[in-house]
Number of protein chains: 2
Amino acid sequence: MENRSSKNVTIYDIAKRAKISPSTVGSVMNGTWKKRRISDSRAIEIKKIADDMGYSMNLQASSLRKDRSRIIGMILPMHDNRYFSSISQIFEEKARARGLFPIISSTLRDPNVEEEAVRLLLNYQVERIVCTGATDPDNIAKICHNRGVQTYNLDLPGTKAPSVISDNYQGSLTLTSELINRVRAKGQAKKRIVFIGGRAIDHNTKERIRGFRDSLVSAGFKINEEDIQTCGYATGKSEAVLDKYLKNNKQLPDGIFVNSTISLEGIIRWFNLQGFDQLNSIALGCFDWDPFAALVHPDLLMIRQNVPKMLSSLFDLIDQEETNPNILIQISPDILF
Amino acid sequence: MENRSSKNVTIYDIAKRAKISPSTVGSVMNGTWKKRRISDSRAIEIKKIADDMGYSMNLQASSLRKDRSRIIGMILPMHDNRYFSSISQIFEEKARARGLFPIISSTLRDPNVEEEAVRLLLNYQVERIVCTGATDPDNIAKICHNRGVQTYNLDLPGTKAPSVISDNYQGSLTLTSELINRVRAKGQAKKRIVFIGGRAIDHNTKERIRGFRDSLVSAGFKINEEDIQTCGYATGKSEAVLDKYLKNNKQLPDGIFVNSTISLEGIIRWFNLQGFDQLNSIALGCFDWDPFAALVHPDLLMIRQNVPKMLSSLFDLIDQEETNPNILIQISPDILF
DNA sequence: TAGCAGAGTACCATCGATGGTGCAAGAAAA
DNA sequence: TTTTCTTGCACCATCGATGGTACTCTGCTA
């Protein structure tokens, strides 16, 4: 290893040292040397010199010339979340396995940040973009398609690019019907199950509410509009919902469908203050998963989205260079008892 | 917005359209047009045309020419972990705030993957690299410094680049002494506190064990070497440790110092099977944090590393272009009751 | 009315890698 | 011995942006 002062070693430096032309060095370094009928001995010799000099290819220059970056971008709402970070983890592995270089940007569910992040990724010449949980996937698709970059939607669907999402409706049907079973098993006279969390405008929340309603209706429950509380994704919100519910009804619901672990955190905290005994008599289900949360409540139902399968499907689409915007793949989540 | 077929708009396309030279367009686009005495009217006119044509700068070309990428790389063990993902989140925000483009790669605590990831980042011409929890930060520092790229160590220290880490020793002293208080408060005759989790070769684990020992010794405890079980980071391992302890001692320890939430998960699961009552009589402390874990045990002690402060310190070093490898900043973690 | 400053812009080499084309030397065929 | 391949490499334009230099105008002074 030679001691380099500041500048990087280029194929020109190697060419000078080996007294051959830069293009020969280049073809040896990028593997196209057989096509150029460079002799094996020369190739080995050049590789050795390059190694000694600590050469590594400047991918900016290479991308510029080849008009291919092999970069695949992904935007997602945030890193510090179990669901999204497991998506990052698997996304990265799968991209690497395909020789793609993954770049992940978080956008805080803000459409402006999303657009900004996407534009920056485009400036770095990404070849594809995966939009995870994007608030406005169609706008992003439009921007990218103008630049000839294909997009894919994950977790939240769009109408301008293929989408892979969880089957929220089916998962919600399953979770709700199990909640109903548990409520019935306890044999209370008055049966009431409430839905807490999420945003009413959010596609996934809408689908889950649809499943919640359908399941309740088919079990003969009467839907009370006040029992669907899409109070958002912040922790404090769900606590306020419970406060209000208790004040209005003088008693707690028989079952709770919680829309995310973030809301669940608030609910558990609320019950911690109220006394845990009450919580144990309530059937509790959460459309999200957390390993510790499962240990808090004696029989908490949790839905875990099948992230490995979602990403397998996503990369199948990418491998097949699928561009049909009507494709919507829904992956069944798992229910955990 | 013009309909572009496939190729991107370049300054040459704009120049042709506006019937001016590419360099004029370029200087308008990168903000150096005042230096070139381009008239304001011309600049505005050119900007408008560029906007209409959907121009966006090719940063690969720009970086190549300027020999500046404004990319800052980070490697970290994994994404799907509360601690590391919160590091990613804040790292990204702070990098963006400085006009840097963050690229984060996970390396699964594998030194070969670490080296591979770093080499790839270097090929993309990163300007700095942050090594988070790297198993061999000095090797990475060597590789990067050869290429003229400064590195910084986070979470685990190195000897070839400035480091910012948690004050594991101090945190461990605090956690252990609080465990001792609790054990004493219960007034058991025989007092025994065990350490479970982590790797014996791992710097942070070593420091925590040092604090654990010192705290116990200064409180008059006798250290039993069997009570320090560095069984690794997998969940099943900590359960096996408890099994063995119970078999050898016919009773449980009075206190447990758990080295991470991963190990804690195994321990909680073990107690779930054994019956929770036993857990409640044991003083439990964990050198890691999880919001739900805090709700599992009536008075679980948790140490939360101060990620915001660690990253502030890290970026202070970056802003000051600090290169002194002897710098080691230790940030006190918080103890949560 | 040449001389000169400064405003406003164009020209061109450059960053590092790539791949089409050209071209010499040796081998094989005629 | 001349023609025809084949081997083995060098030359050079190119990707898009950048910035030093050169150049052409005005307008003004001596």
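User: Which residues around DNA strand C come nearest?

Analyst: Of 29 residues around DNA strand C, A:Ser23, A:Gly26, A:Ala61, B:Ser21 and B:Ser23 come nearest. A residue counts as near a molecule or strand if its C-beta atom, placed from the backbone, lies within 6 Å of it. This is a predicted model: local features need pLDDT of at least 70, side-chain atom pairs count only at pLDDT 80 or more, and totals for chains, interfaces and linings use all residues. Residues are numbered from 1 along each chain as its sequence is written, while chains are lettered from A and ligands numbered from 1 in the order in which they are written.

User: Which elements give two or more residues to the surface near DNA strand C?

Analyst: Helix 2 (22-29) and helix 4 (59-66) do, in chain A and in chain B. Helices (H or I, at least four residues) and strands (E, at least two) are DSSP runs, numbered from the N terminus. With five residues, helix 4 of chain A gives the most to this surface.

User: What is the surface near DNA strand C by class?

Analyst: It has 10 nonpolar, 12 polar and seven charged residues. Ala, Val, Leu, Ile, Met, Phe, Trp, Tyr, Cys and Pro count as nonpolar, Asp, Glu, Lys and Arg as charged, and the others, Gly among them, as polar.

User: Which residues are the closest to DNA strand D?

Analyst: A:Ile20, A:Ser21, A:Ser23, B:Ser23 and B:Ala61 are the closest of the 29 that surround DNA strand D. The most residues here come from helix 4 of chain B, with five. By class, the surface near DNA strand D has 10 nonpolar, 12 polar and seven charged residues.

User: Why are the two copies said to be related as by a two-fold rotation axis?

Analyst: Chain A can be laid on chain B with an RMSD of 0.1 Å by a turn of 180 degrees and a shift of 0.0 Å along the axis. The two copies are therefore related as by a two-fold rotation axis. The superposition is by least squares on the C-alpha atoms of residues with pLDDT of at least 70 in both.

User: How many residues of chain A are in contact with chain B?

Analyst: 44 residues of chain A are in contact with 45 residues of chain B, contact being C-beta atoms, placed from the backbone, that lie within 7 Å. Helix 5 (82-97) is one of the elements that each supply at least two residues of the chain A side. Helix 5 of chain A gives the most, with six residues. By class, the side of chain A that touches chain B has 18 nonpolar, 18 polar and eight charged residues.

User: Why does A:Ser69 count as buried?

Analyst: A residue is buried if 20 or more other C-beta atoms lie within 10 Å of its own, exposed if 12 or fewer, and partly exposed in between, with C-beta atoms placed from the backbone. A:Ser69 has 21 such neighbours inside 10 Å, so A:Ser69 counts as buried. A:Ser69 lies in the loop between helix 4 and strand 1 (71-76) of chain A. Beyond its neighbours within four places in sequence, A:Ser69 is in contact with A:Ser63, A:Gln125, A:Val126 and A:Glu127. The C-alpha atoms of A:Ser69 and A:Gln125 are 6.2 Å apart, although 56 residues separate the two along the chain.

User: What phi does A:Gln125 take?

Analyst: A:Gln125 takes a positive phi of about 65 degrees, just after helix 6 (111-123) of chain A.

User: Which residues of helix 6 of chain A are buried?

Analyst: A:Glu114, A:Ala117, A:Val118, A:Leu121 and A:Leu122 are buried in helix 6 of chain A. They cover an arc of only 140 degrees around the axis, so they are on the same side of helix 6 of chain A. The arc is that of the directions from the helix axis to the C-beta atoms. These buried residues pack against strand 1, strand 2, strand 3 (128-132) and helix 7 (137-146) of chain A.

User: What span should helix 10 of chain B have at 1.5 Å a residue?

Analyst: The expected span of a helix is 1.5 Å times one less than its number of residues. For the 15 residues of helix 10 (residues 235-249) of chain B this is 21 Å, and the end C-alpha atoms are 22 Å apart, which agrees.

User: Which residues of helix 10 of chain B are buried?

Analyst: B:Ser238, B:Glu239, B:Val241, B:Leu242 and B:Tyr245 are the buried residues of helix 10 of chain B. Seen down the axis, they fall within an arc of 155 degrees, so they line one face of the helix. On the other side, B:Asp243, B:Lys247 and B:Asn248 are exposed.

Key
Two residues are in contact if their C-beta atoms, placed from the backbone, lie within 7 Å.
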